Amino acid sequence: MENRKNADCWLYAIGMMLLAELFSLFQPIYTNIDNYCTSMMINQVYAEDGYNMFLNPVVCWVSTFLGQLFPDADGFLMLTKAVLLVGIGAVSYFIALHFEHWSERLFWGAMFFFLIIEMNLFSDFFMVWSAFLSFVGMIWLLCALKGVDYNKKWILTGTFFLCCGLMWRLGGFCLFVPFILLDVGINFLFTSHGKKEKLQYIKKCCKVFWPVVLSVLVLLTLDYGYKHSEKYEDSVSFCDEVSRIVDYPMKEYDEVREQLSSISRNDYESLQNYLYADTDQITAEYCDKIASAGQISAFRFDIKELVSKTYSLIARFYGLINFRIWCIALGIVGMLFIFSGAPWYYKLELFFAGIGAYLIMIYLSFVGRLPERIMQSVLYAVMGTVLMLYMPQRDRRHEPKIWKDVAVLAFSAIIVWHLGSVEFVPHQSLWTAQTGALDMPWEELYASDTIYIWNVRDHRKNPMKYFMQQGKMAPEDFMAHNICAGDWDFTQLCNKERLNHLGVPNPARALLEREKTYYIANDCDDMWTYLKEHFDPSVQAVQIGEIKKIPIWKFRSENF
């Protein structure tokens, strides 16, 4: 009987993996610029150095190795997709193991199909990848903790996926820690009675969690060592300081004019618009000075502001249909659990999980940093709590009733209907992502010894988007003649190596000193003003042509 149940679980898990893989074959592999730039970094399209500070060095090592083993492929996405597929299998096995009724399996299967395909998990932000992997690790570890027997396989599975969550993005992993501690704390307080039982529970926690704690310490030590090494410390520090300026609210220039007397309005505002081209002037120390003066860091609690932020948060969830469906599904499951015969302290845990998620998001709203990927990550953490509480072993509920079966069928029908809004494209292969990019619109930029420096927004919206839509990395010829004037990848060591290799270690200075060096932007005022203020007041901007209706500028100066 046990073997038959295991075979049934494996069949369900493999079926979900194959379904996810089948649909993902016809979805775009690149949909956001951060992942796209990360793939190009790790696959050494920028330079030989393949380290990315937002990922654990282990991910960079393995991805770079895969990229070298398969030179035409995207090693980073190959590794990521493989781990995500295994994670999908692990979640599906968990569902089949704990939910035997067809309607329960259909509901959770439809839920994960929605998250994987209709929210395009495979090409989402690596923050969301981290959250999904941490979610998988969370449910398996907590399941091992509540089990009667010491199940090493469950512990190893949970440890592996939690460590993967940490390696793909530390911030995504950290969001799950309070929810895991909440479940442990509730069980310690209410399911164990007397000193003897509580001591046994503590011992069991140690047995279950020591592998993940040890692994996390090793990974954090490795990450810290890389970020504070002589080789990477400057670029990591630069990126951190820039993040304080571009990712969080800043004061108006007039409010900090006296503190930043040596910094002009254009310096202050162009930095917020990702213009870092003057590598001699714009350093970590320079950015720290501006961030320290301009960042709005004071957290002031105000009831009116709290109501406004809460309303704004609800509006964001309601306005995004994918989030709306997700929240409604979790809300219905949560209400069914509350009105079930589950112990009151598990209902209290669900309440605290909801309040905790709200507090995390409202706090980030107050500090001005709540992108959708963090909202998704918090929802994954809440879903982990809901799934653990809703397991038959936890709430001892009766078999599903007819009305529940009908509701599950209706929910599944909504998911199928919603497929119409999903973007499907001709198959884009990870195995050939580094070759075969069509670059006809940009070929005129490949003239010998020419360098084009792009405004960040124009660079992202035009050539990068053009290559992303093909499912291809930017070709070697394009990278040999085109530079982006800023954004987070500009701060990385691999980009510094690339600038040195191209002979333009300081792109801003090269615009004046180097022949055949041009600026591409719909509006060149910020760069022009910067050059006049820092190099020569007599600098003139002359439009010499255009590419895809974007002006090409040449800056001229009598003194250069």
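This is a short chat about helix contacts, aromatic rings and a few single residues in a predicted model.

Me: What kind of model is this, and how are residues numbered?
Reply: The model is predicted: local features need pLDDT of at least 70, side-chain atom pairs count only at pLDDT 80 or more, and totals for chains, interfaces and linings use all residues. Residues are numbered from 1 along each chain as its sequence is written, and side-chain values use heavy atoms, with hydrogens and water left out.

Me: Helices, then. How do α17 and α18 cross?
Reply: The axes of helix α17 (residues 344-366) and α18 come within 10 Å and cross at roughly 175°. That makes α17 roughly antiparallel to α18. On terms: helices (H or I, at least four residues) and strands (E, at least two) are DSSP runs, numbered from the N terminus. Axes are lines fitted to C-alpha atoms, for helices over the stretch in contact, and angles run from 0 to 180 degrees between N-to-C directions. Under 35 degrees counts as roughly parallel, over 145 as roughly antiparallel, 65 to 115 as roughly perpendicular, and the rest as oblique.

Me: Which residues make the contact?
Reply: From α17, they include Tyr346, Glu349, Leu350 and Ala353. From α18, they include Ile374, Met375, Val378 and Leu389. Contact means heavy atoms within 4.5 Å.

Me: What's the split by class?
Reply: The contact of α17 with α18 has 13 nonpolar, 1 polar and 1 charged residues. Here Ala, Val, Leu, Ile, Met, Phe, Trp, Tyr, Cys and Pro count as nonpolar, Asp, Glu, Lys and Arg as charged, and the others, Gly among them, as polar.

Me: Leu389 in α18: buried or exposed?
Reply: Buried, with a relative accessible area of 1%. Buried means under 20% relative accessible area, exposed over 50%, partly exposed in between (1.4 Å probe, protein chains only). Leu389 and Tyr346 are 43 residues apart in sequence and 6.9 Å apart in space, C-alpha to C-alpha.

Me: And Ser377, what does it touch?
Reply: Ser377 lies in helix α18 (residues 372-390). Leaving out residues up to four places away in sequence, Ser377 touches Met127, Val128, Ala131, Leu175 and Phe176. Ser377 is buried, at 0% relative accessible area.

Me: Switching helices. What about α13 and α14?
Reply: The axes of helix α13 (residues 265-272) and helix α14 (residues 284-294) come within 12 Å and cross at roughly 95°. α13 and α14 are therefore roughly perpendicular to each other. Asp267, Tyr268 and Leu271 of α13 meet Tyr286, Cys287, Ile290 and Gly294 of α14. By class, that contact has 5 nonpolar, 1 polar and 1 charged residues.

Me: What about Gln281, where is it?
Reply: Gln281 is in the loop between α13 and α14. At 31% relative accessibility, Gln281 counts as partly exposed. Beyond residues up to four places away in sequence, Gln281 touches Tyr286, Tyr530 and His534. Its C-alpha is separated by 9.4 Å from that of Asn506, 225 residues apart along the chain.

Me: Aromatics now. How many pairs?
Reply: The structure holds 41 aromatic pairs. Rings of Phe, Tyr and Trp (its six-membered ring) pair if their centres lie within 6.5 Å; planes under 30 degrees apart count as stacked, over 60 as edge-to-face and the rest as tilted.

Me: How do Phe238 and Tyr276 sit?
Reply: Their ring centres are 6.1 Å apart and their planes at 65°, so the pair is edge-to-face. Phe238 is in helix α11 (residues 233-246), and Tyr276 is in the loop between α13 and α14, 38 residues apart. Phe238 is buried at 11% relative accessible area, and Tyr276 counts as buried at 1%.

Me: What's in the aromatic cluster?
Reply: Phe99, Phe107, Trp108, Phe112, Phe132, Phe135, Trp326, Tyr380, Tyr390 and Phe411 form one cluster. Phe135 is found in helix α6 (residues 126-146) and counts as buried at 0% relative accessibility. Among the residues that Phe135 touches are Phe112, Phe176 and Tyr380.

Me: Which lysine lies over the face of Phe188?
Reply: Lys198, at 4.7 Å from the ring centre. Lys554 lies over the face of Tyr518, at 5.5 Å. The test is NZ of Lys or CZ of Arg within 6 Å of the ring centre and within 35 degrees of the ring normal.

Me: Last one. What is the phi of Asp449?
Reply: About 65°, a positive value although Asp449 is not a glycine. Most residues other than glycine have a negative phi. Asp449 lies in the loop between α20 (402-418) and β1 (451-454).
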